[in-house]
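Here is a quick walk through a few spots worth having on screen. Pull up the model and follow along.

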Amino acid sequence: MKSLTRLGTGFVAALLEAWQELRIHKLRVLLSLVGVTIAVASLTTALAGAGMARQMMTESLESEGRPAMIVVYAYDPNSDAGPAGNDQIDEAFQKTIDRFKVEYTTMMGRSYDQKASAQGLSLDAEIMVVDPDYAPMHRLVVTDGRWLEAEDAQNLAPAAVVDHTFIKELGLEGQRLPLTVDLMSNGNTVSVTVIGTTKASSYGMGGKLWMLPATYEHWFGMQAPLNEVSYKLWVPIEGSEELAMHFGQQMQAELPGLTVDAHREDYLMWGADESLKMLTMVVAGIAIIILLLGSLSLLNVAMVTMKQRIREVGIRRSFGATTGRVFFSVMMESVVATAVAGGIGVLISVALVSNENLLNMVMATELDQMPAFPIGAAVLGMGVSIAVGALTGVLPALVAARVKIVDAIRV
Amino acid sequence: MSGEPLLKLENVTRSVLLPDDSELHILNGIDLTVSEGDHIAIVGRSGTGKSTLLNILGLLDRPTNGSLLWRGKDATRLSAKQAAHARGRDLGFVFQQFNLLPGRTALENVMAPLMYAGGRDFWNRRKLATESLERVGLGKRLDSMPQTLSGGEQQRVAIARALVRRPRVVLADEPTGALDVTTGRAVMDLLDSATVDSGAALITITHDSNVAALAREQLQLDGGRLHPLSEVAAR
Ligand SMILES: Nc1ncnc2c1ncn2[C@@H]1O[C@H](COP(=O)(O)OP(=O)(O)O)[C@@H](O)[C@H]1O
Ligand SMILES: [Mg+2]
């Protein structure tokens, strides 16, 4: 217990001594620390920026389907028409799904012939006919209202979810859900109830509208058959290619006369994109070089002042400093210095990265949502500063600890 | 007060190896006993080994041969760490060149030894250091830097620093060597009275017989051995 408190006061005292020493060599220390601050700021910014960019990129890529996504469709090889849907294909798909026990699946039907209108405004809507699993499979988040449920097929009016562009184009911004909009195709108009909205999708022009297959079939199927139909399965990445192959073969067996195609299709299909990683590594590499240069000048200050320090260490040893304590104090000087410098660097980085205008300028887009500063980058920035301080501190600390008292204080 | 001496040297020798591989015998057999409250002056010409002896007494250096007992224990067997703790707790040093830490105020200099103390002494270091400086008459110069103080004042700061942990032994190596006669006299009076007050033993090294005369016991270092001063004079 006593030795523990001794260790505690020893630690506090060593920090105080280190701080005093830094205070005395203020200017020189300050100059060498500018490098450390700049380096840590750029290192942290590079890592944070890359982390945020990766997160944004992943989010946008995953709206196309989270890995591993298998796309399945069937078509008539003797016809020019694209993959269409019919009950027979749907049945074959459901049967194969049951056999393979895939948890997440959705139909993907599209219709391009619909015009949406409300309050005298209209737009060419992209109608997506999907099952409820579509949302988790594409990381689709409903920002207002709710997503489609299987029960919505039984509603008296057709239920739909639309994106923010859709709402904006029709001048419905700020209005409370549920909303009613009209969908027109081939002279036929149906009123649709909007039960949820999502944020604007990062690609595609027009507004999007999602509804369940049964809803579409019931209200629009006759007048406007879907332009194309496919199915998607969300499966573990491991073994997804083999699964696609077996799934295709099994479903093909159910559909003589048609050709079934099943293949993986997601952004990780060809492996992860390494370009961002490369850029991060280059910036981080440059930052580490600056950091080493900064710490080198810190080391220089420490070594230049060592001559004077040797006498000082001798004096301190005469009134009770142990070699361990001398080593620790001298080392802490450098650690305290770089920790402070690095802390300032991290703060600068946070200020830069959290600046909305700056971020929009760099990313060249309007972000609807500020990504959060990655804590990991800040922790790493601090960790690197402290590690560099410890590394630079070792040499002067070793010199100081080896001082012979009698030689040091001899007049 | 226990009867056990603080320091007991028997036939202590110290020799160093010179760069040309020959041995220089500095101390050739020192016998000395220091008990609580003793005031001893050691005089000798320059280069006779006074500082070498003081360093051994202060556990800063080790004898080449002979026995050195520190409070009854074989001091040559103390680990470096134990010696450091013993110095911090029980020994105070005053040097000819003051040896104040540059760039630190008088107060910070006097607080410095308390940085190696544990517990209460550490946490109360500001108060203890202030009191110690007040006792040497520098209560108004707490925040002065060493270079702004006169030689006598600097030595008083050094004395305050040596006494701040209430050592049992104070070792002063030519404490007046860098001071004029009047100032030196005042500094010696201060050292003398402060150690009388605290009950610490005081060993002063000097080449000034007037300074030596203040001590109750006077020894001369000559030929690597200690002799009573009178005996030398009679020779
Ligand atoms: N480590 C050492 N190496 C070489 N010579 C030394 C060493 N320590 C002391 N001496 C020599 O020993 C003699 C005594 O030194 P010192 O104890 O400082 O004498 P004093 O303090 O009495 O003037 C001097 O001649 C000095 O040069
Ligand atoms: Mg000397």
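## Helix H3 of chain A

Right after H3(A) comes A:Lys101, with a positive phi near 50°. Keep in mind that this is a predicted model. The helix before that lysine covers residues 87-100 of chain A, and at 1.5 Å a residue its 14 residues should span 20 Å; the end C-alpha atoms are 20 Å apart, which agrees.

Which residues of H3(A) are buried? They are A:Ile89, A:Ala92, A:Phe93, A:Thr96 and A:Ile97. Looking down the helix axis, these buried residues of H3(A) fall within an arc of 135°, so they line one face of the helix. The spacing fits a general rule: an α-helix has 3.6 residues a turn, so residues three or four places apart point the same way. On the other side of H3(A) you'll find A:Asp87, A:Glu91 and A:Asp98, which are exposed. The cover over the buried residues of H3(A) includes strands S1 (69-75), S2 (104-111) and S11 (228-234), along with helix H7 (240-254), of chain A.

## The site around ligand 1

Now hop over to ligand 1. Chain A and chain B both supply residues around ligand 1, so the site is shared between chains. The residues around the ligand include A:Arg410 along with a run from chain B: B:Ser46, B:Gly47, B:Thr48, B:Gly49, B:Lys50, B:Ser51 and B:Thr52. Also around ligand 1 are B:Val16, B:Leu18, B:Leu24 and B:Ile26.

A few close pairs are worth clicking on. A polar side-chain atom of B:Thr52 sits 2.5 Å from an oxygen atom of ligand 1, and for B:Ser51 a polar side-chain atom is 2.7 Å from a ligand oxygen. With B:Gly47 the partner is a backbone N or O atom, 2.8 Å from an oxygen atom of ligand 1. Taken alone, ligand 1 exposes 560 Å², and the protein buries 66% of that.

## Helix H9 and the loop after it

H9(A) has 13 residues and reaches 18 Å from first C-alpha to last, close to the 18 Å expected at 1.5 Å a residue. Its buried residues are A:Met306, A:Arg309, A:Glu312, A:Val313, A:Gly314, A:Ile315, A:Arg316, A:Arg317 and A:Ser318. Just after H9(A), A:Gly320 takes a positive phi of about 115°.

The loop between H9 (306-318) and H10 (323-353) of chain A also holds A:Thr322. Is A:Thr322 buried or exposed? A:Thr322 has a relative accessible area of 13%, so it counts as buried, the cut-off being under 20%. Leaving out residues up to four places away in sequence, A:Thr322 touches A:Arg317 plus B:Lys81, B:Ala84 and B:His85.

## Two strand residues

A:Val130 belongs to strand S5 (residues 126-130) of chain A and is buried, with a relative accessible area of 0%. What does A:Val130 touch, not counting residues up to four places away in sequence? Its contacts are A:Thr106, A:Met107, A:Met108, A:Trp147, A:Trp210, A:Met211, A:Leu212 and A:Pro213.

Over in chain B, B:Ser67 lies in strand S4 (residues 65-70). With 28% relative accessibility, B:Ser67 counts as partly exposed. B:Ser67 and B:Thr13 are 54 residues apart in sequence, yet 9.1 Å apart in space, C-alpha to C-alpha. B:Ser67 touches B:Lys8, B:Leu9, B:Glu10 and B:Val12, again not counting residues up to four places away in sequence.

Technical notes. Residues numbered from 1 in each chain as written. Chains lettered and ligands numbered in written order. Predicted model: local features only at pLDDT ≥ 70, side-chain atom pairs only at ≥ 80, totals over all residues. Heavy atoms only, no water. Helix = DSSP H or I, 4+ residues; strand = E, 2+ residues; numbered from the N terminus. Expected span 1.5 Å × (residues − 1). Buried < 20%, exposed > 50% of the residue type's maximum accessible area, 1.4 Å probe, protein only. Arc of directions from axis to C-beta. Contact = heavy atoms within 4.5 Å. Near = heavy atom within 4 Å. Polar contact = N/O pair within 3.5 Å; in protein donor to acceptor, adjacent residues only side chain to side chain. Areas by Shrake-Rupley, 256 points an atom, 1.4 Å probe, with all protein chains shown as cover.
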